[in-house]
Amino acid sequence: MMVSRFRRAWAVETARMVRSGFAWTVAAVPALMMGLVPVIRPVIRDGRGDYDFIATAMTATVCTPGFLLLLVWMAVWTASDLADGTARSLLIRPIRRSDYLLAKYAAGLMLGTVMSGLALVTAWLMMWMLGDTTGVAYGGEVVFTSDQLVVSGLLAFVATVFALWAGCAVAVLAGVLTRHPGPAAVLTLLMWLTLELVKYPMGIDRWVFTTSLETAWQGFGDLCRGMDAPLGRTVVRAVVTALPVIVICPAVAVAVFHQRDLTP
Amino acid sequence: MTRVGVGLMLGLAGVMAGMAEAGVLVEVPGLWAGFAAGPAARVTGNFSHADLNDDGRADLLLEREAWIRGAGPGWTRKIPLPGGAETDAYDVDREGVLWVISGNRLSGWRLAAAEDGWEPATDEVSVDEPVTGREPALDFGCARRRFLYDLDGDDQDDLVTVTPRGVCWHRRQGAGFDAAGRVLTPLPEPQAVYTARGTLWPPGQRALCLPGFRFSAEVSVGADAILLVHGEESAAGMRWTTLRYPIFREGHSVKTGEGTRDTGPPLPPDAVPVWLDRDAGRPGFARVYREPDSSGIPGEAFAVCEVWEPGETSSRVFRRPAPSGAALYPPLADINRDGRLDVVLMTVGLARRGPRERAQELLTGNRLQVEVSVWFRQAGGYPREPSWQDNRTVYLDAPPIRQPRMLEAAARGQLASLHGDFNGDGRADLLLRERLDQVACYLCDEGGCARQPVFTVEVSPGEAVVPADINGDGLADVVRVPEPGGGPARVYLTEGNPQ
């Protein structure tokens, strides 16, 4: 019964997301930005593997612009439902507040996954069409095969997705706390900025989930340049740092949402 | 309870006894020490050791003084050296006689019984090397190096002279030397100066290089052979030739046999000869350089060490990320004292986490990563993967954007070293400047370095810190080299054991 209610709520939120132009923008912008990446990292057929193009492309498109778009969209989407009474009207149906909020969060997770997946596929296609998909050779010796790089690329993708999911959780919490789209976006960005500003001086950078975003692709890029990189450890760290945020922020958001007066 | 207490005290005492402690702090005026740059890794300095009073303990020879070591790690007496001219050189023979070498004149001095001065051990001796061969085209003036070495195997040190024309031998005769030397080996015509920083000769041989004159040949006088290594520039690169002259001994006579010539393939101009194995008959070659990265991201670069096995045309390449600006540490050193040169790539920089994270750390961070990768040389060469790798964090005194003093130290290559053996186990240990005012020593073995420091030393912000065995007890000491004009160098003398 509970699962059924959640599934219904999720279907509703997904349908609403698909109808949202802003969501399409979030999903498509990183993939569209791929067209500019060859300016900073040309990709040509010269017999040398171009997998590091993917590392550069994902870093340039998903890790900062895509991540910020997702944060803002998630916070605005959550807060606007509270501000314009949409949440109230949706809860007329037989679903609980927690189901509604978690369904919204799940839709955000899906959007983050689709956004980064679309960017990855686009980068891969560009490399496949314009560059070389050979492994890494240095000094006449094959250091990493193409298959190894594919697996490593997928590992980096997993680390990225976990960081995006954690970002979504923070944005949902900000949306619930503020109730208005503008302040929600500002609060989310401020939270991100503050975290980024203090994590290095406080020495907590390794335990902040946002660090995993670029670190994973840096590791993949190092592999593409013939350097050994502890990508497995990076993924584990990404999961370990993201999971508490993924659990705690929605839980706090649900608790706050339960107390909220939903009158617009 | 009493037994438990006593046991705990004894255990604690055992742990403390097992630790090498930077114990005695001594000021050593006139001492300087530093790292050699380039592939030949070693600690340089203006000091040497010799047992002058035959007590089995190495005494310290500085440019102007001899420091006599006592029963402990420190010294009990300081005695000015005889001679004293700027050009004087010193060497000590196996009987503890200090020879003052002033041009063609030598005088032997023995430490007085009261250890408060010097007594003449010999009359002044004049020697002259025979003039053979043609005058070198380049003017090397009175370029000459003399040192003591037993060439004829009679357990007495002879005098060996190396000039631009060749290697000469003056046999020991009683208290002096043969005045007329014998040319053992002519040197090739001195030519262009190559970029070799010095020599790293096999242990057990008398090392000799002529850095002051930048000869294009390096000479190694060993027990069985005299080796000459010299390079000639060509359009294809530097072509190195190894000349090996076997030494034949007949009674008290020494002759060198016909030289064998081994000319290698052309190599890059910055490759220098290095003795990869102690007993190798000919040198390998190595070079170190910074390779810009292909991704075009500023600051992304690699430290590359290339090593050519003797006679090989292809090189083995070792690469690690190394941001621009930070010094490249000397990558070749025998850190496990097995007579083979290991590759040690030590790089310093911000953590590799992507461009945005790097920018943030540049603006707000206060740490640098020191990465150490070691490839132990084995009988068949180097392993494919590093034998061990380690990452250490050092703390800056300000964010990198504000150019903290620690960043200057990093740029000069003074943050970390893997040269000194602090506990006498035969393996080099890691000396790391963790903060501007603190240096820590981590014991290392075949598997890596300990996580906890065995000792820490407070240092002044302007000082450079170098590990070097100053008191000759086989354990590295911590040399605190001040800024120019900043007073004498200070040395923490360590005591310890392999456990």
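**Burial, pairing and contact between chains A and B**

Colleague: Where in chain A does A:Thr210 lie?

Modeller: In this predicted model, A:Thr210 is placed in helix H9 of chain A, which covers residues 210-224.

Colleague: Why does A:Thr210 count as buried?

Modeller: The term applies under 20% relative accessible area, and because A:Thr210 comes to 1% relative accessibility, it counts as buried. Leaving aside neighbours within four places in sequence, A:Thr210 is in contact with A:Phe67, A:Trp192, A:Glu196 and A:Lys199, and also with B:Arg356 and B:Glu357 of the other chain.

Colleague: What makes the approach of A:Thr210 to A:Glu196 a polar contact?

Modeller: The limit for such a pair of N or O atoms is 3.5 Å, and the side chains of A:Thr210 and A:Glu196 satisfy the rule at 2.5 Å.

Colleague: How do you know that B:Arg356 and A:Glu214 form a salt bridge?

Modeller: The rule asks for a side-chain nitrogen of Lys or Arg within 4 Å of a carboxyl oxygen of Asp or Glu; the N to O distance between B:Arg356 and A:Glu214 is 3.8 Å, and the pair is therefore accepted. Across the interface of chain B and chain A, the rule finds six salt bridges, and twelve residue pairs are in polar contact there. On the side of chain B that touches chain A, the elements giving two or more residues are strand E27 (316-321) and helix H2 (355-364), with H2(B) supplying the largest share, six residues.

Colleague: How many residues does each chain bring to the contact, and what area is buried between chain B and chain A?

Modeller: Chain A contributes 29 residues and chain B contributes 24, while the buried area is about 2,300 Å², with carbon and sulfur atoms giving 42% of it.

Colleague: Why is the pair A:Asp81 and A:Lys104 said to tie together parts of chain A?

Modeller: The pair first has to pass as a salt bridge, and at 2.6 Å from N to O the side chains of A:Asp81 and A:Lys104 do so. A:Asp81 belongs to helix H4 and A:Lys104 to helix H6 of chain A, so the bridge joins parts that are 23 residues apart in sequence. Each partner also falls under the 20% limit for burial: A:Asp81 has 1% relative accessibility, and A:Lys104 has a relative accessible area of 0%.

Colleague: What makes B:Asp93 and B:Arg172 a salt bridge?

Modeller: Their closest N and O atoms are 3.4 Å apart, which is within the 4 Å allowed. This pair links distant parts of the chain, 79 residues apart, with B:Asp93 in the loop between strands E8 (89-92) and E9 (98-102) and B:Arg172 in strand E16 (residues 172-173) of chain B. Both B:Asp93 and B:Arg172 are buried.

Colleague: Which residues are joined into one network through salt bridges that share partners?

Modeller: The network brings together A:Glu196, A:Lys199 and A:Glu214 from chain A with B:Arg356 and B:Glu357 from chain B.

Colleague: Why is A:Arg179 classed as buried?

Modeller: A:Arg179 has 19% relative accessibility, and since the class holds under 20%, this residue is counted as buried. A:Arg179 lies in the loop between helix H7 (146-178) and helix H8 (181-199) of chain A, and has a positive phi of about 75 degrees although it is not a glycine.

Colleague: Why is A:Gly108 called buried, and which residues does A:Gly108 touch?

Modeller: With a relative accessible area of 0%, A:Gly108 meets the condition of being under 20%. A:Gly108 sits in helix H6 (residues 97-130) of chain A, and, not counting residues up to four places away in sequence, touches A:Leu70, A:Trp73, A:Met74 and A:Cys168.

Colleague: Which residues have the most contacts inside the largest nonpolar core?

Modeller: They are A:Ile54, A:Trp217, A:Phe220 and A:Phe257, in a core of 82 residues. Helix H4 (residues 51-83) of chain A gives the most to this core, with 17 residues. A second, separate core of 30 residues includes B:Ala326, B:Ala333, B:Val348 and B:Trp388.

Conventions:
Residues numbered from 1 in each chain as written. Chains lettered and ligands numbered in written order. Predicted model: local features only at pLDDT ≥ 70, side-chain atom pairs only at ≥ 80, totals over all residues. Heavy atoms only, no water. Core = buried A, V, L, I, M, F, W, Y, C linked by side-chain atoms within 4.5 Å. Buried < 20%, exposed > 50% of the residue type's maximum accessible area, 1.4 Å probe, protein only. Helix = DSSP H or I, 4+ residues; strand = E, 2+ residues; numbered from the N terminus. Contact = heavy atoms within 4.5 Å. Buried area = accessible area lost by both parts, 1.4 Å probe. Polar contact = N/O pair within 3.5 Å; in protein donor to acceptor, adjacent residues only side chain to side chain.
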